Amino acid sequence: MSTTFLTNLRHFKNFCTCPAGLSRLSYRPRNIHCAVAPQTAESVAPKKTKDRTSEYGVNQIQVLEGLDPVRKRPGMYIGSTGPKGLHHLVYEVLDNAVDEVQGGHAQNIQVELDLASGWVKIADDGRGVPTDKHPATGKSAVETVLTVLHAGGKFGGGSSSSGYAVSGGLHGVGISVVNALSKALHITVWRKGKEHHQRFSRGKPQMELQVVDLPSGGKRRTGTQVEFLFDRQIFSKGISMDADTIRQRLKELAFLNSAATIQYTVRDRGSKESSKASQGEEGARVQGDIVSQETMHHSGGLQEYVAHLNQKREPLHDKPVYTTQTAEGVVVEVALQWCADNQSDVVVGFVNNVKTIDGGTHLDGFKAALTRTLNLLARKTKALKEGDPNLSGDNIREGLTAVVHVKVPEPEFEGQTKTRLGNVEVRKIVDNIVAADVGEALELDAGTLAIVVSKAIAAFKAADAARRARELVRRKNVLTRSTLPGKLADCTSTDRAHSEIFIVEGDSAGGSAKQARDRRFQAILPLRGKILNVERADDAALYKNNEISSLIVALGLGVQGGQDISGLRYGRVILLTDADVDGAHIRTLLLTFLFRFARELFVQGHVFVGMPPLYRLDVGKQSHYCYNDVELQQRLQGVSPGSFHIQRFKGLGEMMPEQLWSTTLDPSTRVLRRLTLGDAAQAAQLFSVLMGSQVAPRRQLIQEHAGRLDLDDLDI
């Protein structure tokens with residue numbers, strides 16, 4: 001089975017548009033949040049203003065009390081009001097339950113998502129939030145932690161019997177932020193033989209804490225349950241909770257906490273009455289039907305996690321290398337395994353169960369120790385001769401999958417969203433442990449060491465060949481030329497924030513797009529046919545390919561690619577291909593190249609997919625554009641047979657410039673999907689399966705998803 005066959009399934013056209021691990025954000029109405037209008041003289045000219053000295057006084061100084069700052073500036077606390085920030089609410093509540101497990105006070109966590117209503121329920125069997133009156137606020141501790149910023153049990157960092165010795169939450173704002181940004185929140189605490197319950201709305205208590213005695217006899221329940229419905233007044237219009245995104249996070253937590261058992265339930269398709277009741281301000285909620293239920297428990301911990309990440313790859317050695325040590329109060333746990341493919345490394349870092357997507361000192365220490373140790377062992381075994389240069393970190397980590405989890409009593413994160421660890425001392429601790437334990441494990445396993453060193457040396461030789469290819473390209477004056485590719489129709493704006501480039505397939509589509517565009521801020525780059533599949537080609541072949549060379553120059557990525565995209569010329573890189581099988585394949589090839597060559601484009605949110613219409617429906621004198629079959633059928637409801645005409649667009653070149661502008665290019669009416677990096681490991685894994693040379697994993701993927709298709713899904 002080839003990749004071409006894979007793209008013959010319509011199911012995979014959407015699948016390839018946004019591979020797993022790349023979060024797909026749709027904007028409606030018609031890209032209102034993506035569009036940035038070109039600057040005009042009127043928009044940039046300074047406006048005359050009168051002297052404001054007399055206007056600015058004490059009355060202009062605002063004092064926000066309680067949780068008002070959170071509702072006023074939610075992005076400061078959850079990162080954004082888009083999908084990422086929305087799911088951050090779930091993670092904040094979830095982290096509290098996991099902290100109980102991490103402290104040895106709980107074993108079971110229940111998570112329930114109702115897609116029909118938006119309600120989320122998270123419960124644990126831990127100690128339960130304290131319920132006594134707090135001396136500082138005069139309110140119960142439950143109400144205090146839910147309504148007062150920087151109130152929590154994670155500041156002391158000392159005794160696990162009172163607060164939390166190690167915790168992902170350290171600012172004391174997590175649960176109160178969730179409360180502030182929820183239309184409704186219900187909390188139930190089981191503690192000391194009593195059940196405590198209280199309801200809130202948009203951060204305000206709607207009732208006093210209610211207390212009920214639990215039945216006597218037997219083991220009494222303990223723990224905390226939080227149910228919340230996010231406030232649609234705060235978050236971007238049209239977004240909702242994604243069951244797969246939450247599932248991925250729960251899976252990570254189950255691997256990181258081998259003692260935990262997590263039950264995940266997804267509900268949907270409730271009746272209209274139940275959905276209406278679910279979204280009510282108060283009162284009983286009727287739940288939707290259970291559509292999936294899963295229990296996650298991974299006693300193998302990080303070793304099982306690495307094996308899970310490599311399940312579609314070919315490991316070079318049977319078992320992952322594993323170590324766990326404690327030094328200066330910091331617990332370091334590492335598992336790693338090399339694979340046969342030539343893709344870049346997948347190194348995932350966690351601090352106190354929190355995923356640090358931007359890295360930090362723990363990953364810096366891990367990489368430095370691994371590079372130094374492998375070079376020492378390579379010279380010790382004579383694989384590197386005297387006079388040979390050292391292997392670089394990229395050479396050593398090629399094909400590596402690793403998970404690094406550190407537990408730090410007083411972590412210093414950058415920002416409330418905790419994406420990067422800043423503790424300087426952690427780097428040295430991780431460095432020492434990895435150098436000693438991983439070095440010893442590899443030295444004792446001579447076979448694995450020989451395989452790993454041999455692969456690193458091969459990666460070094462391949463990198464050297466790529467360097468020579470780049471130099472050859474430079475001498476031929478391709479990537480260093482001062483002029484842009486001749487087929488690029490550039491825009492007049494030089495402001496990256498206000499410009500965008502459409503990458504289209506073929507001269508026909510390019511001609512229509514060039515006529516339809518707004519040349520002030522829209523550039524067009526047509527590509528000839530299907531570009532090189534970089535998943536199967538080495539770097540030397542990549543730099544010799546004319547289409548890829550033109551793409552690199554047009555985007556301003558530079559010959560190195562990687563994390564440095566400072567030369568990027570456009571704020572939005574939009575892939576605009578035909579709405580057919582070949583278009584889906586070309587789009588996948590482009591995504592593969594961008595992901596492998598300049599992954600930072602996805603991290604910073606510069607990559608978009610344009611959505612051209614598939615049909616034009618004429619009913620009388622009215623015309624409607626439909627972007628898929630479902631939308632077409634909805635438009636045809638109630639229309640008399642014979643009173644309409646349907647035109648199917650086989651390609652962008654068939655559309656008139658006016659049609660292409662109004663449906664696909666006009667910022668006020670178009671639909672764009674932004675692709676962001678939700679999970680680098682998952683995305684890298686899927687790209688390898690879809691576009692790699694291994695046939696068996698691709699066949700398995702097709703077989704797994706083929707059962708979800710029916711004959712109507714085939715694009716024949």
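Begin by selecting helix α12 (residues 361-380) together with helix α14 (residues 424-444), where α12 passes α14 in a right-handed crossing, a term for the near helix being turned clockwise from the far one by less than a right angle. This is a predicted model, in which local features need pLDDT of at least 70 and side-chain atom pairs count only at pLDDT 80 or more, while totals for chains, interfaces and linings use all residues. Residues are numbered from 1 along each chain as its sequence is written, and side-chain values use heavy atoms, with hydrogens and water left out.

The two helices, α12 and α14, pack at an angle of about 35 degrees, and their axes lie 7 Å apart; axes are lines fitted to C-alpha atoms, for helices over the stretch in contact, and angles run from 0 to 180 degrees between N-to-C directions. Colour the residues of the contact between α12 and α14 by type, and they divide into 13 nonpolar, five polar and six charged, where Ala, Val, Leu, Ile, Met, Phe, Trp, Tyr, Cys and Pro count as nonpolar, Asp, Glu, Lys and Arg as charged, and the others, Gly among them, as polar.

Next, select strand β16 (residues 500-505), of which six of six residues are buried, meaning under 20% relative accessible area with a 1.4 Å probe and protein chains only. Show the side chains of β16 and look at each face in turn: E500, F502 and V504 are buried on one side, and I501, I503 and E505 are buried on the other. Now add strand β17 (residues 522-527), which runs parallel to β16 and is joined to it by six bridges; strands pair if DSSP finds at least two bridges between them. To locate one of these bridges, pick E505, whose partner in β17 is L527.

Move on to the open sheet of three strands in the order β21-β20-β22, with antiparallel pairing. Here β21 (622-626) and β22 (644-648) are the edge strands, each having a single partner strand, so one side of each is left without a neighbour in the sheet. From one strand to the next, the twist averages 20 degrees. Strand β20 (residues 615-619) pairs with β21 over five bridges in the antiparallel sense, and selecting D618 shows the residue that stands opposite S623 in β21.

Finally, zoom out to the protein chain, which has 24 helices and 23 strands, helices being DSSP runs of H or I with at least four residues and strands runs of E with at least two, numbered from the N terminus. Of its 716 residues, 52% count as buried.

Terms used. Buried means under 20% relative accessible area, exposed over 50%, partly exposed in between (1.4 Å probe, protein chains only).
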